[in-house]
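Got the viewer open and a selection box ready? Here is a short walk through the model, one stop at a time.

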Amino acid sequence: MNERKLKIFFSVSETLNMTKTSKEMFISQSAVSQTIKELEDELGVILFERMYKKLYLTENGILLKEYTRRLLNLWNDMTEHMQSKKKNVLVKVGGSTTIGIYLLPYLCKNFSISNPNVNFNIQIDNTSKIIGKVLENEIDVGIIEGARPHNDELISFETQKDTLKVITPNIEKFKNKEKFLISDFEQETLILREDGSGTRQIVEEYISKLNIKVKNKLVIGNTEAIKKMVEIGLGISIISQLAIESELLDERLLSFKIENHEMNRDFSIIIHKDKFISPTLCSFISLLKSI
């Protein structure tokens, strides 16, 4: 079994189409079919079932697909690490939206000052997608909001805590308030992040826990858009205090705690359990742990 065979198998397992694999890998369809047959003979198992001119992974095929994905990820890690010895080091880091916009760029900049040979590829997405990118080895390390993921392929570490605040437009209605009451929500439109967002997950948990009732809900997949909508009076929201520092300073928004309740959450660092941790990546993860 070699890398080429595994790549062909993995491509077929993803597409379930030998013709598509042959085109993508610039080899004949008969070569693809022969490779799959050789793997099945070598392992002594059937990897695909062929029914009604369609391919389906068998239980053994599903198992081999998972091992193959991990082996190919390790191969890519090894190749990148060997190549990094000859040139500048690239660290691929992902952050969920709040972290990626308001925290991660500053951490990468500070790390680069003391490590000038390090370049960063920063990817920003919601929590569920960052988890997916770590699992698929698209990024080396992720920093996410919300609950730590329960996945046997991931290693996670809690880092700093974050506080969520109710934000409102800076209008007379809210100017004299000291705190937000549970009953205040009943007259307001609450603007939320999309499903898959770490902030959305935590906010929904607090809404349920505190039995918060709202007049209406809007869903927007962008924190900056949410702040602008609140600023012009289309509703209120609950977001990270990291995201509203400049708006509070400019008095474009007001922020409040909910009566008798702190809304806190943890940020978590996640890496794949099979990830090769180079000295550079180890140093960067240590920085992330220290924030």
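**Stop one: helix 2 and its surroundings**

Select Phe-26 to begin: just after helix 2, this residue takes a positive phi of about 55°. Before going on, know that this is a predicted model, where local features need pLDDT of at least 70, side-chain atom pairs count only at pLDDT 80 or more, and totals for chains, interfaces and linings use all residues. Residues are numbered from 1 along each chain as its sequence is written, and side-chain values use heavy atoms, with hydrogens and water left out.

Now pick residues 18-25, which make up helix 2. (Helices are DSSP runs of H or I, at least four residues, and strands are runs of E, at least two, numbered from the N terminus.) At the N-terminal end, Asn-17 acts as a cap, with a side-chain oxygen 2.9 Å from the backbone nitrogen of Thr-19. (A polar contact is a pair of N or O atoms within 3.5 Å; within protein, one must be able to donate a hydrogen and the other to accept it, and residues adjacent in sequence count only if both atoms are side-chain atoms.)

Which residues of helix 2 are buried? Highlight Met-18, Thr-21 and Ser-22; buried means under 20% relative accessible area, exposed over 50%, partly exposed in between, with a 1.4 Å probe and protein chains only. They cover an arc of only 100° around the axis, so they sit on the same side of helix 2; the arc is that of the directions from the helix axis to the C-beta atoms. Show helix 1, helix 3 (29-43), strand 1 and strand 2 (54-57) too: they are among what covers these buried residues, with contact meaning heavy atoms within 4.5 Å.

**Stop two: rings**

Next, display Phe-9 and Phe-48, a tilted aromatic pair at 5.8 Å centre to centre with 55° between the planes. (Rings of Phe, Tyr and Trp, its six-membered ring, pair if their centres lie within 6.5 Å; planes under 30 degrees apart are stacked, over 60 edge-to-face, the rest tilted.) Phe-9 belongs to helix 1 (residues 3-15) and Phe-48 to strand 1 (residues 48-51), 39 residues apart. Are these two buried or exposed? Both Phe-9 and Phe-48 are buried.

Then jump to Phe-111 and Phe-284, an edge-to-face pair at 5.3 Å and 75°. This one links helix 6 to helix 12, across 173 residues.

**Last stop: around Phe-120**

Finally, select Phe-120, which touches Phe-284 and Phe-111, as well as Leu-90, Val-91, Val-93, Cys-108 and Ser-112, not counting residues up to four places away in sequence.
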